[in-house]
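Work through the exercises below with the model open. Each task is followed by a stepwise solution.

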Amino acid sequence: MTDTCPSCAVPLAVEEDQPSWCPRCEWNLDTLAPIERSTWFWRQIRTRDHRAGFRADKLLAAGAPVRTRVLVLLVAISVVLVAVPATALVAAVWLLFAGPVALGLPLLLVAYLVRPRLGRVKKILGGRYPLGADRAPALHALIDRVAVATGSPRPDIVAVDPHLWGAWTTVAGLRQRRILTLGIPLVASVESGELVALLGHELGHFKNRDSRRRMLTRPARVTFGHIAGGLRPSRVSGAERDLLGLYLIVYELWRLITGLLSWLSFAVHAAIHVAAARDDRRAEQQADLLAVKVAGREATLSLFDATAALPLFHGAISGVARKGFAMAEWRARVAQNRARNDLRVDVLRQLTIRTEASLFSSHPSTGRRHEFVSTLPDTPPAVTVGDAEWATIVRELAPYAETLRNELAEQYEM
């Protein structure tokens, strides 16, 4: 391959194990690195999904108009799917009293299996640490300021995840409690303005009621996947089970029928997931607008740069840090790493346009998000964090960094 772009004669960007591309016109950026030991069918599926996702992200960054038809369709499918267990439950209760009971019990089982799931707070918080205002007053005060600046309701629960290289929000339970989770490795990798942008983005999902929209479309998103999993036939053949004659024929026919129904359900599930992911990517872009509002454009762009460079920081988050000083040492190493790779950030960020492009992805690629925010007017941040406040927030989160350090140290010693 030539060292310059055949379209605009600009020197090509080069990254290890990746095809070269033009940083100006994006020539060859939609080409994936070859996959070793993969089938022709999988290569074709992956290539088409990647190129379609590449085009979708590019249109989104260019400000393509919002389409509400997909959301309306998903809500309509969800309404039908909710009506099925509701109808089955009513019919089951009636049959249990009026008979025949033999028909009521299967309907009761159907109602249970396809019931809507609202999520369980306890299950979501499993392996994570709820962080109340009494333990982290400075962090909660910052979250309150960001919530006011964005016009968002504050989270009911703030949790930290020692292993998460990211952050996310959700709404769960009958009371629909708002949950914000922050990953310790990510917090160790960002600066104060970038954390404000991160909080503005995450709370922006509450402001835009994205969790409510996901709840309305959740039956459509998950039901066919559950059906596909429930119908998946056994991998053990009738011959391996020592079945003979009619038993063998009936068993293999049952495996064939359930296998076909499982694949059909999975195909519907995949199609719905692709349609829903388009709405999710639009929601992420709208949340980025609130990140810019609360933290300013430059801090938001810096957050994207840090996100694109996260793979470079993995080695800095290790168990060799001194006990009691994990957060401080990790932050120092990440800062050195960022300074050392400052010239590579543009290349890494643009490379995410290739590596993160997929119709199944719930987020636009980091490079496209950076590209979109770069077109916005530069506004002063609505929330700023002083050095003393930032140091306090880091200290409040430091004990949870020790949890991760201890686990990594044990693995290192093994």
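**Exercise 1. Decide whether helix 14 is enclosed or open, and give the reason.**

Solution. The model is predicted.
Step 1: count the buried residues. Helix 14 has nine residues, and seven of them are buried.
Step 2: apply the cut-off. Buried means under 20% relative accessible area.
Step 3: conclude. Helix 14 is largely enclosed by the rest of the structure because seven of its nine residues are buried.

**Exercise 2. List the buried residues of helix 14 and find what they pack against.**

Solution.
Step 1: name the residues. They are T366, G367, R368, R369, H370, F372 and V373.
Step 2: look for the partners. These buried residues pack against helix 1, helix 7 (192–207), helix 9, helix 10 (297–308) and helix 13 (345–355).

**Exercise 3. Find the second largest cavity and say which helices line it.**

Solution.
Step 1: search the whole structure. Two cavities of 30 Å³ or more turn up.
Step 2: take the second largest. Its space is about 40 Å³.
Step 3: read off the lining. It consists of D57, L60, A61, Q285, D288, P364, R368, R369 and F372.
Step 4: assign helices. Helix 1 (40–61), helix 9 (245–295) and helix 14 (366–374) each supply at least two lining residues.
Step 5: link back to Exercise 2. R368, R369 and F372 line this cavity, and they are among the buried residues of helix 14.

**Exercise 4. Place P153 and classify it as buried, partly exposed or exposed.**

Solution.
Step 1: locate P153. It sits in the loop between helix 5 (137–150) and strand 2 (157–161).
Step 2: check the area. The relative accessible area of P153 is 33%, so P153 is partly exposed.
Step 3: find its contacts. Beyond neighbours within four places in sequence, P153 touches R178, F206 and K207.
Step 4: compare sequence and space for E389. P153 and E389 are 236 residues apart in sequence and 23 Å apart in space, C-alpha to C-alpha.

**Exercise 5. Describe the chain as a whole: its elements, extent, burial, contacts, surface and charges.**

Solution.
Step 1: count elements. The chain has 15 helices and four strands.
Step 2: take the extent. The C-alpha trace spans about 70 × 60 × 55 Å along its principal axes.
Step 3: gauge burial. Of the 414 residues, 43% are buried.
Step 4: sort contacts. Among contacts with a separation of 6 or more, 69% join residues 24 or more positions apart.
Step 5: treat the surface. The accessible surface is about 22600 Å², with 62% belonging to carbon and sulfur atoms.
Step 6: locate the charges. The mean positions of the 51 positive and 39 negative charges lie 8 Å apart.

How values were computed: Residues are numbered from 1 along each chain as its sequence is written. This is a predicted model: local features need pLDDT of at least 70, side-chain atom pairs count only at pLDDT 80 or more; totals for chains, interfaces and linings use all residues. Side-chain values use heavy atoms; hydrogens and water are left out. Buried means under 20% relative accessible area, exposed over 50%, partly exposed in between (1.4 Å probe, protein chains only). Contact means heavy atoms within 4.5 Å. Accessible areas come from the Shrake-Rupley method with a 1.4 Å probe; for residues, only the protein chains shown count as cover. Lys and Arg count as positive and Asp and Glu as negative; His and the chain ends are not counted. The place of a charge is taken as NZ of Lys, CZ of Arg, CG of Asp or CD of Glu. On a 1 Å grid over the protein atoms alone, a cavity is a set of points where a 1.4 Å probe fits but cannot get out, and a pocket is an open set with protein on both sides within 12 Å along at least five of seven lines; lining residues have an atom within 4 Å of a point. Grid points are joined across faces, edges and corners, and a volume is the space filled by probe spheres set on the points.
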